[in-house]
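User: I am new to this structure and would like to understand the terms used to describe it. Please show it to me, and then explain how each label is earned.

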Amino acid sequence: MSDTFRFSDALDRVKPSATIAVTTKANELKRAGHDVIGLGAGEPDFDTPDNIKEAAIQAIRDGKTKYTPADGIPELKEAICAKFQRENDLSYTPSQIHIAPGGKPVIYNAFLATLNPGDEVIIPAPYWVSYPDMVLLASGTPVPVECGPNAKYKLTPEALEAAITPNTKWLLLNSPSNPTGAAYTKDELRGLADVLLRHPQVWVMTDDMYEHLVYDDFEYFTIAQIEPALFDRTLTVNGVSKAYAMTGWRIGYAGGPEKLITAMRKVISQTTSNPCSISQWAAVEALNGTQDFLPERRAAYQKRRDMVVAGLNAAEGLTCPTPEGAFYVYPSCAGVIGKTSPSGKVIETDKDFAAELLEQEKVAIVFGEAFGLSPAFRVSYATSTEALQEALTRIQRFCANLS
């Protein structure tokens, strides 16, 4: 390539995904023969349920392999409307539904359709690594708001009020959260809604991808359900990736005001165009078919969560709160900062902690800096109990060997 070739300025505004980088590094070490335990991946270790697979196979046999409407087939839009009504008490019509190849494109399509230079998006931190970069790619300005352990990793009404400016375009809420697993209660959402009612220029985007993965009898709500007056300025984002173990099928969706959905349809028609036709028919079955497997999988995740929280709290210098949902924990490693690894490396940051843990004990985690709040790290417990037990043993040993 010529030395005079110039890449876009937009590319300079973003950085590669840290979670993908950790998974890639772990896989490289495994291929090289190392006994690596990867706790970085954000996807279920369960398989897609058989009824969903069979629906996809039948769709292939029926020849449903052609282009579809840019933002989804009518049958899936109807299934999504029924899901929103049944589970969230939200009434959408098919013209208010957007379907894309995953949750990330749904969010990005919304930002691309609405953000102009100078527009601000409030993002509670810790946040999913892609949120700020998608805002930047769409020419907006991410405004991280630190929500530390004292706030249970959740945005408070006071912090939201302080972050809103005349340039605020969106508030992005993720509940349960990636990376912390924190989920907002009905009362907590009510408090945020009261602030938003005073600022009619602020729209709300809720990433509800982990909705079905909540524990200890936690009752799930989404903000448009709590405050109907926000319905016309809320984009409720969800998908089939997590609850239905369909990460590779790439189906995300959202319900929102028709004028916004129309704008997002215009974006997708000139970018990816339609999601995979076979995946869409599989998603119809996911939403309309049996949900009987969900309680069993929730129980398995909750058992793993409890084991991981206890094991991390038993490690010297680590403190791990118990989250309400998802399949992540977000322990603080403040107690090991300044200590020295057996290799002689001083642990100055959570990035150092993650790098040395991978080097010394072959356990892959994602450092907190990537999520906007340090010193901490994310552990995914979407893997086998045996792998988690061994990983906890190695983490405890690593922390005990720091001096």
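Analyst: A patch is built from residues with over 30% relative accessible area and no salt bridge, nonpolar side chains (Val, Leu, Ile, Met, Phe, Trp, Tyr) being joined within 5 Å and like charges within 9 Å. The areas come from the Shrake-Rupley method with a 1.4 Å probe, and for residues only the protein chains shown count as cover. The model is predicted, and therefore local features need pLDDT of at least 70 and side-chain atom pairs pLDDT 80 or more, whereas totals for chains, interfaces and linings use all residues. Residues are numbered from 1 along each chain as its sequence is written, and side-chain values use heavy atoms, with hydrogens and water left out.

User: Which residues form a nonpolar patch on the surface?

Analyst: Phe-5, Phe-7 and Leu-11 form it, and together they have about 330 Å² of accessible area. Phe and Leu are among the side chains that the patch rule accepts as nonpolar.

User: Why is Phe-5 called partly exposed?

Analyst: Buried means under 20% relative accessible area, exposed means over 50%, and partly exposed is in between (1.4 Å probe, protein chains only). The value for Phe-5 is 47%, so the residue is partly exposed. Phe-5 belongs to the segment before α1 (9–12), where helices (H or I, at least four residues) and strands (E, at least two) are DSSP runs numbered from the N terminus.

User: What makes a set of points a cavity, and how many does the search find?

Analyst: On a 1 Å grid over the protein atoms alone, a cavity is a set of points where a 1.4 Å probe fits but cannot get out, and lining residues have an atom within 4 Å of a point. Grid points are joined across faces, edges and corners, and the volume is the space filled by probe spheres set on the points. Four cavities of 30 Å³ or more are found in the whole structure.

User: What is known of the largest cavity and its lining?

Analyst: The volume of the largest cavity is about 110 Å³. It has 15 lining residues, of which Pro-124, Pro-126, Asn-174, Ser-177 and Tyr-184 are the closest to its centre. Strands β3 (120–125) and β5 (168–174) each supply at least two lining residues, and the largest share, three residues, is that of β5. The lining holds 11 nonpolar residues, three polar and one charged. In this scheme Ala, Val, Leu, Ile, Met, Phe, Trp, Tyr, Cys and Pro count as nonpolar, Asp, Glu, Lys and Arg as charged, and the others, Gly among them, as polar.

User: Which residues line the second largest cavity?

Analyst: That cavity, of about 60 Å³, has a lining that includes Leu-173, Tyr-184, Asp-208 and Phe-221. Its lining divides into six nonpolar residues, three polar and one charged.

User: Where does Pro-126 lie, and what is its peptide bond like?

Analyst: Pro-126 sits in the loop between β3 and α6 (130–137), and the peptide bond leading to it from Ala-125 is cis, with omega near 15°. Tyr-330 is 204 residues from Pro-126 in sequence, yet their C-alpha atoms are 9.2 Å apart.

User: Why is Lys-362 called buried, and Ser-139 partly exposed?

Analyst: Lys-362 has 19% relative accessibility, so it falls under the limit for buried. Ser-139 has 30%, and therefore counts as partly exposed. Neither is a glycine, yet phi is positive in Ser-139, at about 75°, and in Lys-362, at about 60°.

User: How do you know that Lys-77 and Asp-71 form a salt bridge?

Analyst: A salt bridge is a side-chain nitrogen of Lys or Arg within 4 Å of a carboxyl oxygen of Asp or Glu. The closest N and O atoms of Lys-77 and Asp-71 are 3.0 Å apart, so the pair qualifies. Both Lys-77 and Asp-71 are buried.

User: What makes Lys-154 and Glu-324 a pair, and where do they lie?

Analyst: Their side chains meet at 3.4 Å, N to O, and therefore satisfy the salt-bridge rule. Lys-154 is in the loop between β4 and α7 (157–163) and Glu-324 in the loop between α12 (293–313) and β9, so the pair ties together parts 170 residues apart in sequence. Both residues are buried.

User: How many salt bridges are there, and which residues are linked in a network?

Analyst: The count comes to 21 salt bridges, and Lys-83, Arg-86, Glu-87 and Glu-211 are linked in a network of them.

Methods:
On a 1 Å grid over the protein atoms alone, a cavity is a set of points where a 1.4 Å probe fits but cannot get out, and a pocket is an open set with protein on both sides within 12 Å along at least five of seven lines; lining residues have an atom within 4 Å of a point.
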